[in-house]
Amino acid sequence: KNLMMYVEKEYSNADRKEIIRFSFKDPVNGYIELHLTEQQEKSHRGWDIIPQKSKIMKRDIDLYKPEENVIPPSCLVAIYGKVSIDTEEYLSCIVPLSGITSDAQKIHIFRFLQTETSESTSNQRENSDSTHITAYGGKSHTDSS
């Protein structure tokens, strides 16, 4: 419940389209892991997906207390899209999950390439985004910030 309140407060403007209900396969040493290196059906040319941490341990979720821990257990995935004629206009990435029992064994990361123009520079800029995957109390949210 504490973790759910944190997510609602910190990511109140996040685009939450996918809620995955799950249980851990191992009730003692359980985890949820994102497999971001899986081969994709659709090309994501021009996009980089860089996981900072792709595994959350059940014990870390169980021990989370907002008064003691500033940041809850989560996975942070950096997503970069290079503004270029060769870059796919959007990223569609299916990410398999392991360590859990659920009807949904995959999540979908979907991002459009956003271009920014500036009068002060004619250089093309790199587009970046972060996606947080936060698991709590038998649920998982995919949040983008």
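Ser102 touches Ile20, Arg21 and Phe22, once residues up to four places away in sequence are set aside. This serine sits in the loop between strand E8 (100–101) and strand E9 (106–112). Please keep in mind that the model is predicted. Ser102 has a relative accessible area of 15%, and because buried means under 20%, Ser102 counts as buried. Its side chain also has a polar partner: one of its polar atoms lies 3.1 Å from the backbone nitrogen of Ala104.

Now to another serine. Ser98 belongs to strand E7, which covers residues 90–98. Ser98 is buried, with a relative accessible area of 18%. What does the side chain of Ser98 meet in a polar contact? The partner is the side chain of His35, and the distance is 2.7 Å. His35 also appears among the residues in contact with Ser98 when neighbours within four places in sequence are left out; the others are Tyr31, Ile32 and Glu33.

Next comes Glu89, placed in the loop between strand E6 (74–82) and E7. Is Glu89 buried or exposed? Glu89 counts as exposed, because its relative accessibility is 56% and the cut-off for exposed is over 50%. Even so, Glu89 has partners elsewhere in the chain: Trp47, Phe112 and Leu113 are touched by this residue, not counting residues up to four places away in sequence. For one of these, Phe112, the C-alpha atom is separated from that of Glu89 by 6.2 Å, with the two residues 23 apart along the chain.

Here are the three residues side by side.

| Residue | Relative accessible area | Class |
|---|---|---|
| Ser98 | 18% | buried |
| Ser102 | 15% | buried |
| Glu89 | 56% | exposed |

Finally, let us step back to the whole protein. How many helices and strands does the protein have? There are two helices and eleven strands. Read from the N terminus on, the order of elements is α-β-β-β-β-β-α-β-β-β-β-β-β, so you can follow the chain from a helix through five strands to another helix and on through the remaining strands. The chain holds 145 residues, and 41% of them count as buried. The accessible surface of the protein comes to about 9,200 Å², with 45% of this belonging to carbon and sulfur atoms. As for contacts between residues at least 6 apart in sequence, 71% join residues at least 24 apart.

Terms used: Residues numbered from 1 in each chain as written. Predicted model: local features only at pLDDT ≥ 70, side-chain atom pairs only at ≥ 80, totals over all residues. Heavy atoms only, no water. Helix = DSSP H or I, 4+ residues; strand = E, 2+ residues; numbered from the N terminus. Buried < 20%, exposed > 50% of the residue type's maximum accessible area, 1.4 Å probe, protein only. Polar contact = N/O pair within 3.5 Å; in protein donor to acceptor, adjacent residues only side chain to side chain. Contact = heavy atoms within 4.5 Å. Areas by Shrake-Rupley, 256 points an atom, 1.4 Å probe, with all protein chains shown as cover.
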